[in-house]
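Student: I have a model open and want to test the terms used for it. Can we go through them?

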Amino acid sequence: MVVNIDRLFSKRATRFRSSEIRELLKLTQIPGMISFAGGLPNPLAFPVDIIHECIEKIFKENIEQALQYGTTEGLTSLRGVLAERMKKNPHHHINCELHDILITSGAQQALSLAAICFLDPGDTYLTSVPAYLGAVQAFHALEANCESIPMNDEGIDTDSLRRNIGRLNRTGIIPKFIYTVPTFQNPSGETMSLSHRKELLDIASEYDFLIIEDDPYSELIFEGDAIPPIKSFDTKGRVIYISTFSKILAPGLRLGWVVASKEILDKFIQAKQASDLCTNGFSQYIAYEYINGGYLDKHVEQIKKLYKRKRDLMLKSLKEYFPSGVKWTMPKGGMFIWITLPKSIDTRLMFQKALAKKVAYVVGEAFFPEGGNYNSMRLNFSYSEDGLIKEGIKRLAEVIKDELATAYQQDTFPPDGV
Ligand SMILES: Cc1ncc(COP(=O)(O)O)c(C=O)c1O
């Protein structure tokens, strides 16, 4: 008998969407394609030799423990060095001890644990938009409703936030949390100002919801002063801080961490036990040796140099080739630039034309859970080779100019009868 699998899937599973964008990203693997689409670190940023040394040390000293099951909380020694580093590091200044930290299988698992522990079907959460796709996917899977809060020059529009919360409260809805990436945000590259970080925490206290602060990029700062994370002002356990080794070591190790109150971590640990028992032990030993050996800070400096050069190249090429009327962000760190085109352009429709010219981006709409913003796109500058950045932007500029010319003709010569 043929299995009627659709009948057996949970209601929840039928809501899972494979993101259209991730499907489109497969097209970017076509030979000759210059892809600014993926959010990938550059392989040159992987400290291959250091990882090799760390592994040799593990084989000499700890191989049996590294291959054994570990505790769900994560390797004690790794949590210890992370806590020490977060206290001292200007990007963190988070006053925490090892028992305040949970090691996860990437930041993505931390987002998924937050979804499982806080969202019932029909619950509402807030997110600044544009928003990181993976977070929205994790929250959507739990059948939650999303309320989008626009970003502005200061990182989040706090007036709009207050208005939206007021509107929700009047209908009896109290959001569970707000999701935000305050520093060098994915996808916009923008950073939330210090005053807005403090104001966001005040608003969260006033209306009693949590803040999920996702912080994969703050260490990749190219210029200016580091702005401390919201978690560093949190004295009441209102902020769940999430970070990752993906951008400062290697994403293949699948290592992230959470700093949160004991009550929250206990729930996360129970949920994680049901999910994967513990994070990859071998990876955790590598990360421990990497930090304990004093390699991390030096290596981050090298990544920053590499990505700054690539950001500068992309900004220079944008200035040289993009037509007037196109705007872009000037990120001071991270991996992304956000482009806003004239309203007449729909980046979804333009995508196939860009692929035909062998250049790819991510359409901006993908980062808006409630749709819209069709005239925007995200460009990644960390991955492509230097020479290809200039060539890719040149190709993209041609596609945009063609699209603008077509839109202009359509405006000038409306079809008969219109
Ligand atoms: C904002 C943000 N959060 C979380 C993640 C997931 O990171 P990880 O590789 O640690 O799961 C990413 C990955 O790009 C990201 O950009």
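The talk below turns to the ligand and its contacts.

Tutor: This is a predicted model, where local features need pLDDT of at least 70, side-chain atom pairs count only at pLDDT 80 or more, and totals for chains, interfaces and linings use all residues. Residues are numbered from 1 along each chain as its sequence is written, and side-chain values use heavy atoms, with hydrogens and water left out.

Student: Which residues come nearest the ligand?

Tutor: Ala107, Asp214, Tyr217, Thr244 and Ser246 come nearest, of the 14 residues around the ligand. A residue is near a molecule if one of its heavy atoms lies within 4 Å of it.

Student: What makes the approach of Ala107 to the ligand a polar contact?

Tutor: A polar contact is a pair of N or O atoms within 3.5 Å. A polar backbone atom of Ala107 is 2.7 Å from an oxygen atom of the ligand, so the pair is a polar contact.

Student: Why does Gln108 count too?

Tutor: A backbone N or O atom of Gln108 lies 2.9 Å from a ligand oxygen atom. That is within 3.5 Å, so the pair counts.

Student: What does Lys247 place by the ligand?

Tutor: Lys247 has a polar side-chain atom 2.9 Å from an oxygen atom of the ligand.

Student: How much of the ligand does the protein bury?

Tutor: Taken alone, the ligand exposes 400 Å², and the protein buries 91% of that. Accessible areas come from the Shrake-Rupley method with a 1.4 Å probe.

Student: Which backbones and side chain touch ligand oxygen, then?

Tutor: The backbones of Ala107 and Gln108, and the side chain of Lys247, make such contacts.

Definitions and conventions:
A polar contact is a pair of N or O atoms within 3.5 Å; within protein, one must be able to donate a hydrogen and the other to accept it, and residues adjacent in sequence count only if both atoms are side-chain atoms.
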